[in-house]
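Visitor: Could you walk me through how the two chains meet here?
Guide: Gladly; have a look at the structure first.

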2 protein chains.
Amino acid sequence: MSLTAKASVTSYIESNKKRFLDELFELLRIPSVSADSKYKTEVARAAEYVKTSLEQAGVDKAEIYPTPGHPVVYAEKIVDPKLKTVLVYGHYDVQPPDPLELWKTPPFEPQIRDEKIYARGSCDDKGQVFMHIKALEVMISTGGPPCNIKFLIEGEEEVGSDNLANFTRQHKEKLKADVILISDTAIIANDTPSIDVGLRGLSYVEVEVTGPNHDLHSGVYGGAVANPIQILCEMITKMKDHNNHITIPGFYDDVMVLSDRERGELNKAPYNEKEYKKELGVEELAGESGYTTLERTGIRPTFELNGILGGYTGEGAKTVLPSKAFAKISMRLVPQQKSEKITQLFTDYFTSIAPKSVKVRITPHHGGEPVVTPTDSPAYRAAAAAMEETFGKKPIPTRGGGSIPIVAMFEQELGLKSVLMGFGLDSDLIHSPNEHFGLFNFFKGIETIPLFYRNYAAS
Amino acid sequence: MSLTAKASVTSYIESNKKRFLDELFELLRIPSVSADSKYKTEVARAAEYVKTSLEQAGVDKAEIYPTPGHPVVYAEKIVDPKLKTVLVYGHYDVQPPDPLELWKTPPFEPQIRDEKIYARGSCDDKGQVFMHIKALEVMISTGGPPCNIKFLIEGEEEVGSDNLANFTRQHKEKLKADVILISDTAIIANDTPSIDVGLRGLSYVEVEVTGPNHDLHSGVYGGAVANPIQILCEMITKMKDHNNHITIPGFYDDVMVLSDRERGELNKAPYNEKEYKKELGVEELAGESGYTTLERTGIRPTFELNGILGGYTGEGAKTVLPSKAFAKISMRLVPQQKSEKITQLFTDYFTSIAPKSVKVRITPHHGGEPVVTPTDSPAYRAAAAAMEETFGKKPIPTRGGGSIPIVAMFEQELGLKSVLMGFGLDSDLIHSPNEHFGLFNFFKGIETIPLFYRNYAAS
């Protein structure tokens with residue numbers, strides 16, 4: 001891209017900012033919550049909207065593929081079959097918006113406040129997907145992209161991408177590419193760009209503990225019958241020791257141990273404990289003994305309670321000894337842990353510590369494998385150079401705490417590596433009330449993506 | 001009551017059975033859930049219905065007294081001021097019906113199945129209150145009650161009778177009586193009548209644990225920040241040792257220790273462990289070491305989780321590290337424990353074991369004091385003789401596990417003892433889905449109550 005071409009990109013973005021936002025807002029208004037079946041038609045509506053947006057941006061063709069779950073959107077812009085091909089992956093589904101009462105403005109009524117777009121999915125991942133769609137439009141309007149681009153935008157990322165592996169296997173030819181580009185991660189700060197080069201895997205289980213076969217009056221039966229809430233709490237407590245080390249036998253067996261040098265590199269990333277605690281409103285941090293915060297969230301596996309429910313939780317007091325209690329638990333995995341093995345180890349241990357006074361049922365949800373992506377590939381270097389150009393600073397390679405299980409799956413099924421060039425911030429409250437995405441970040445993404453293609457095509 | 005009079009009571013009941021049920025069903029249809037403010041007008045409607053029913057039964061006057069919470073219904077039938085006076089206490093409010101999906105038929109659409117009335121409140125306490133109203137009608141229609149009767153039917157029993165103590169203090173003259181009669185307890189079995197002579201007290205607290213100031217993505221922050229669900233579980237676990245002994249310092253200090261003879265007496269009550277476990281569907285019981293089931297539910301204090309909630313509990317998976325988790329906890333107290341002291345001991349201990357990584361908030365709900373009622377009073381003997389006459393067996397004095405805090409309050413404010421002549425069964429699922437009340441029990445109550453008055457008036 002010549003300097004003139006770059007200037008025309010910038011000026012095209014500048015003169016279309018309002019329309020880009022209006023179009024994104026349309027997408028954000030669709031409550032495409034994949035986890036909850038009552039939103040099924042809304043999820044489908046979001047897929048349609050993504051397809052139409054891709055068509056309007058100028059792809060050659062865009063298609064919707066139904067799956068047993070939510071549909072996949074595929075599109076492509078083939079400039080010349082002899083040129084390189086980039087497969088852009090993203091997702092148009094979003095996390096459930098609960099707890100609703102904590103949102104300052106409704107999750108599906110996007111609003112700009114303090115230069116940020118507030119809406120469920122604004123950052124994760126509708127906003128970041130939309131950067132790619134608009135970057136394509138920009139490129140087509142200013143001379144066309146310098147290589148081929150394919151889009152694979154799915155609707156089940158937030159529920160484990162259950163049907164994507166199958167879709168990928170069935171469409172290997174169509175998905176053929178040289179590299180995968182994904183914007184579903186964060187940078188360290190708006191003045192400190194970074195690129196994720198490692199992602200944790202995931203095991204997600206739901207456990208249910210049943211005591212008596214029906215709810216009892218706690219005054220009549222209390223003290224004589226095992227209370228499933230108490231038992232569940234005791235079992236959860238047994239999952240960690242006093243060093244916050246996970247006690248599941250074999251849990252750490254496959255954990256890749258980093259060298260002192262690697263740990264040293266990792267801990268060079270900007271981190272201010274005082275700021276971190278202040279932002280979270282906590283007086284003290286808590287985690288596995290012997291590791292720093294960056295290590296705890298980057299290279300160590302975790303065991304987290306995501307939800308718990310049992311008995312009466314409404315207003316006022318009810319003296320019930322409930323029949324059941326359940327919890328949702330996720331474990332983040334690091335290389336070389338395997339999701340299926342960890343889920344099995346969890347199941348064996350959790351079952352083994354259940355007292356005879358209760359019954360336990362364990363339901364595994366989706367899992368995902370941890371990955372490490374290369375920092376010496378042409379695509380990584382193209383992304384790093386593009387970010388350096390728009391941010392004015394070399395991006396720092398980081399190990400992200402979150403999981404994008406499909407990265408490992410793509411590697412296995414398509415033999416392709418991914419570049420994780422995300423533009424969000426950890427403070428964007430993705431998965432939380434008041435999720436937002438900075439206007440700076442949205443437009444910075446649209447500006448950076450064409451430079452990635454320029455660099456990559458030239459490499 | 002002559003044999004002829006008794007026969008006419010029986011025949012009056014026989015010829016009015018259907019109407020009695022129809023009238024009770026009207027009351028059961030009103031969702032008078034005192035714990036939930038959205039039912040406020042329904043609770044008021046139930047009070048009106050009780051007042052009208054008392055008027056139709058033949059009281060001299062019936063009145064509704066508003067309180068800062070739900071109203072109190074008062075009524076009286078004064079036969080002759082020189083005769084003895086019995087104050088009948090009951091409540092027309094009910095427990096919340098959740099979880100709704102476990103009801104076979106809707107909680108507020110009463111239905112008879114297998115000779116039982118299924119509805120929220122059918123046993124606790126609308127059905128038992130209605131026995132008294134209908135017993136009055138029966139007595140008036142067959143010669144009039146042999147003593148004065150006053151009715152005090154409140155609408156806040158299920159939420160701690162917050163305003164009743166104040167009402168009682170303000171209406172001491174109006175409530176003057178010789179004894180209080182309450183039907184809000186159970187008998188051992190339909191062929192084994194019993195009368196409660198001891199009731200446990202209650203401390204009820206809600207605890208909230210807050211970690212970060214907003215919900216976080218568990219992948220990004222998990223492992224580095226205290227998870228309030230995990231911490232709450234760990235704190236709950238610390239409340240009991242491996243003998244299921246409550247660890248709150250000072251908790252047992254005031255517990256009245258029964259003599260071996262008293263424990264022996266108590267353990268003579270019919271109890272079949274195999275049947276008990278089968279009815280509850282549990283393989284093993286669990287409770288404080290060194291005590292029998294009858295002791296654990298009768299003479300020992302307890303610590304029970306009534307509810308717990310935190311994080312995402314909807315369908316599917318959400319990887320959230322929640323900001324808050326809370327639990328509802330009730331402790332049953334035995335003589336000479338004091339509710340206020342126990343709540344304070346709990347608060348001190350729970351606060352002391354909270355790690356610095358979280359904030360804890362404790363909200364005490366209502367409390368109630370434990371009581372023991374005499375077995376050698378004229379009123380107790382009158383009740384025992386009445387039951388013996390209708391059941392054909394002497395009732396067994398038992399120590400109930402539940403709490404009726406107002407019994408201690410009445411003793412303090414009015415100087416009156418209570419007789420706890422209940423007609424429910426422990427298996428009636430009060431406070432649970434599918435609460436029911438046997439037709440046998442309902443009509444047995446209506447038949448027995450007039451005999452109590454006859455015996456008591458003659459004593």
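**The contact between the chains**

Guide: The contact draws 83 residues from chain B and 83 residues from chain A, where two residues are in contact if their C-beta atoms, placed from the backbone, lie within 7 Å. This is a predicted model, in which local features need pLDDT of at least 70, side-chain atom pairs count only at pLDDT 80 or more, and totals for chains, interfaces and linings use all residues. Residues are numbered from 1 along each chain as its sequence is written, while chains are lettered from A and ligands numbered from 1 in the order in which they are written.

Visitor: Which element gives the largest share of chain B's side?
Guide: That is E12(B), with eight residues; helices (H or I, at least four residues) and strands (E, at least two) are DSSP runs, numbered from the N terminus.

Visitor: And what does E12(B) pair with?
Guide: E12(B) pairs with strand E12 (residues 304-311) of chain A, in the antiparallel sense and over five bridges, where pairing requires that DSSP finds at least two bridges between two strands. Within this pairing, A:Ile308 has B:Gly310 as its bridge partner.

Visitor: How are the copies related?
Guide: A turn of 180 degrees with a shift of 0.0 Å along the axis lays chain B on chain A with an RMSD of 0.0 Å, superposed by least squares on the C-alpha atoms of residues with pLDDT of at least 70 in both. That is the relation of a two-fold axis.

Visitor: Why do you say they meet through the same surface?
Guide: Because 100% of the interface residues of chain B are also interface residues in chain A.
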